[in-house]
Amino acid sequence: MRILLVGAGGVGSAVVPIAARRKFFEHVVVADSKQDRAAQAVAKAGGDPRFSSIQLDASNRAEVAAALREHRCDVLFNAVDPRFTMSLFEAALDAGAHYLDMAMSLSRPHPAEPYSKPGVKLGDEQFALDGEWRAKGRLALVGMGVEPGLADIFARYAADHLFSRIDEVGIRDGSNLVVDGYEFAPTFSIWTTIEECLNPPVVWEDGAWHTTEPFSEPEVFDFPEGIGPVECVNVEHEEVLLVPRWIDARRVTFKYGLGQEFIGVLKTLRKLGLDTAEKVRVGAAEIAPRDLVAARLPDPATLGTRMRGKTCAGTWVKGVGVDGAPREVYLYHVVDNEWSMAEYGSQAVVWQTAIHPVVALELVASGVWSGSGVLGPEAFDAVPFLSMLEEYGSPWGMRDDSLVRAA
């Protein structure tokens, strides 16, 4: 397998040292709009000749397709922010390559009723091209990071092995991470964070999608491995759009543990119009306010040495177990920043996002996962993935909350 990895930011650069320990691929071409950043990512492979770097404009569909052909790449691995998803998605289709991303095509709110009805949903533009991918016999594996990605695989595992009926699939993400030395320092791309947190959250319920107000339905969720209780709120996320396509569940939600301070900052950005990705003129220059905010904040990939704590991604499932009794479980994946920095030199949040698409690509390369068309992680057998995740030295866990409640 030859891979074109587009994006050498936090997640892209974390992919390199993870992949360098595996043997399933022939070559990875790391591409970025900045040649030096791509080269710095390749340097993390410690001189491994299977990695090289190029400069590439992710927004230029023709240029990306040409790079796929020139470097004889079998798959395009999209590790840039979702603004570029469709240009990369279509370039892979043009070049006859397979495709993988971690964030799907962007949504657009309903023009009249944004907080009750969905408009264009996350991934709609990609699923509209499913027939073209099938006709070419190529696979577009979408939403294959940690959330979405591993969280969806947990839902598949629960549906196949733990439940006879699912009442709710609830993705719950929280941490106790602290970044020393900054008053405000997001541990993931602020561009993406603004996009998903300020858009109307989507909820699947009784066979239909509907939207709510941002930060709605707050709840306190108790996260494992010492993280503890964290208040979580509704946030727009791909899992809610993916899970119901393959798994029968009455309700699907995504809630994120943001914290009141973070929510307050996001609300202020919205009030001031600093959340928009549309360019505005300032003197002789034009700039998107969201890009300005991102430029004023530290690069999340550089925060590892200042971070303390753990991050947890997981899927809470409630329904009826295979034995006919009520059941409630939380399947989860925890990463300690101290461990990820010592082992890979990557901070916990970006490392946790980076490992899962590498595992997925290895399953595709070996033929364990196969298919054509636009498919989410739920379309595949979860067991080989979870087994290989253990092989990578990154174990997952399960807490049976029905037993906790019974006690």
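Colleague: In this predicted model, with which side chains does the side chain of Arg 172 make a polar contact?

Modeller: Arg 172 is found in strand E7, which spans residues 163-175. One polar contact of its side chain, at 2.9 Å, is with the side chain of Glu 219. Another, at 3.1 Å, is with the side chain of Thr 253. The partners asked for are therefore the side chains of Glu 219 and Thr 253, each within the 3.5 Å limit for a polar contact.

Colleague: Is Arg 172 buried or exposed?

Modeller: The relative accessible area of Arg 172 is 1%. Because the limit for a buried residue is under 20%, Arg 172 is classed as buried.

Colleague: How many aromatic pairs does a search of the whole structure find, and of what kind is the pair of Phe 154 and Trp 396?

Modeller: The search of the whole structure gives 20 aromatic pairs. For Phe 154 and Trp 396, the ring centres are 5.8 Å apart and the planes make an angle of 45°. Since planes under 30 degrees apart count as stacked and those over 60 as edge-to-face, the pair of Phe 154 and Trp 396 is tilted.

Colleague: How many residues apart are Phe 154 and Trp 396?

Modeller: Phe 154 belongs to helix H7 (residues 150-161). Trp 396 lies in the loop between helix H14 (382-391) and strand E20 (397-400). The pair thus links distant parts of the chain, with a separation of 242 residues.

Colleague: Which class of accessibility applies to Phe 154, and which to Trp 396?

Modeller: Phe 154 has 0% relative accessibility and so counts as buried. Trp 396 has 22%, and the partly exposed class runs from the 20% limit up to 50%. The two classes are therefore buried for Phe 154 and partly exposed for Trp 396.

Colleague: Of what kind is the aromatic pair of Tyr 157 and Trp 396?

Modeller: The centres of the Tyr 157 and Trp 396 rings are 5.6 Å apart. This pair also links distant parts of the chain, with Tyr 157 in helix H7 and Trp 396 in the loop between H14 and E20, 239 residues apart. Tyr 157 is buried, its relative accessible area being 18%. The angle between the planes is 70°, and because an angle over 60 degrees is the criterion, the pair is edge-to-face.

Colleague: Over which ring does the charged end of Arg 245 sit?

Modeller: A charge over a ring is found for Arg 21, which lies over the face of Tyr 344 at 3.9 Å from the ring centre. For Arg 245, the distance from the charged end to the ring centre is 3.8 Å. The ring in question is that of Phe 127.

Colleague: Which residues does a cis peptide bond join?

Modeller: Most peptide bonds are trans. Here a bond with omega of about 0° is cis. Its proline, Pro 148, is placed in the loop between strand E6 (139-141) and H7. The residues joined are Glu 147 and Pro 148.

Colleague: What is the phi of Glu 217, and what is that of Glu 225?

Modeller: Most residues other than glycine have a negative phi. Glu 217, in the loop between strand E10 (208-211) and strand E11 (219-223), is partly exposed at 33% relative accessible area. Glu 225, in the loop between E11 and strand E12 (228-234), counts as partly exposed at 44%. Both have a positive phi: about 50° for Glu 217 and near 55° for Glu 225.

Colleague: What volume does the largest cavity have?

Modeller: There are three cavities of 30 Å³ or more. The largest is lined by 13 residues, and those closest to its centre are Pro 109, Gly 119, Pro 200, Thr 211 and Glu 236. By class, the lining has five nonpolar, four polar and four charged residues. The volume of the largest cavity is about 70 Å³.

Colleague: How many nonpolar, polar and charged residues does the lining of the second largest cavity have?

Modeller: The second largest cavity holds about 60 Å³ of space. Its lining includes Ile 3, Val 15, Phe 77 and Leu 361. Strand E1 (2-6), helix H1 (10-19) and helix H13 (348-366) each contribute at least two lining residues. By class, the lining has ten nonpolar, no polar and no charged residues.

Key. Residues are numbered from 1 along each chain as its sequence is written. This is a predicted model: local features need pLDDT of at least 70, side-chain atom pairs count only at pLDDT 80 or more; totals for chains, interfaces and linings use all residues. Side-chain values use heavy atoms; hydrogens and water are left out. Rings of Phe, Tyr and Trp (its six-membered ring) pair if their centres lie within 6.5 Å; planes under 30 degrees apart count as stacked, over 60 as edge-to-face and the rest as tilted. Helices (H or I, at least four residues) and strands (E, at least two) are DSSP runs, numbered from the N terminus. Buried means under 20% relative accessible area, exposed over 50%, partly exposed in between (1.4 Å probe, protein chains only). A charge sits over a ring if NZ of Lys or CZ of Arg is within 6 Å of the ring centre and within 35 degrees of the ring normal. On a 1 Å grid over the protein atoms alone, a cavity is a set of points where a 1.4 Å probe fits but cannot get out, and a pocket is an open set with protein on both sides within 12 Å along at least five of seven lines; lining residues have an atom within 4 Å of a point. Grid points are joined across faces, edges and corners, and a volume is the space filled by probe spheres set on the points. Ala, Val, Leu, Ile, Met, Phe, Trp, Tyr, Cys and Pro count as nonpolar, Asp, Glu, Lys and Arg as charged, and the others, Gly among them, as polar. A polar contact is a pair of N or O atoms within 3.5 Å; within protein, one must be able to donate a hydrogen and the other to accept it, and residues adjacent in sequence count only if both atoms are side-chain atoms.
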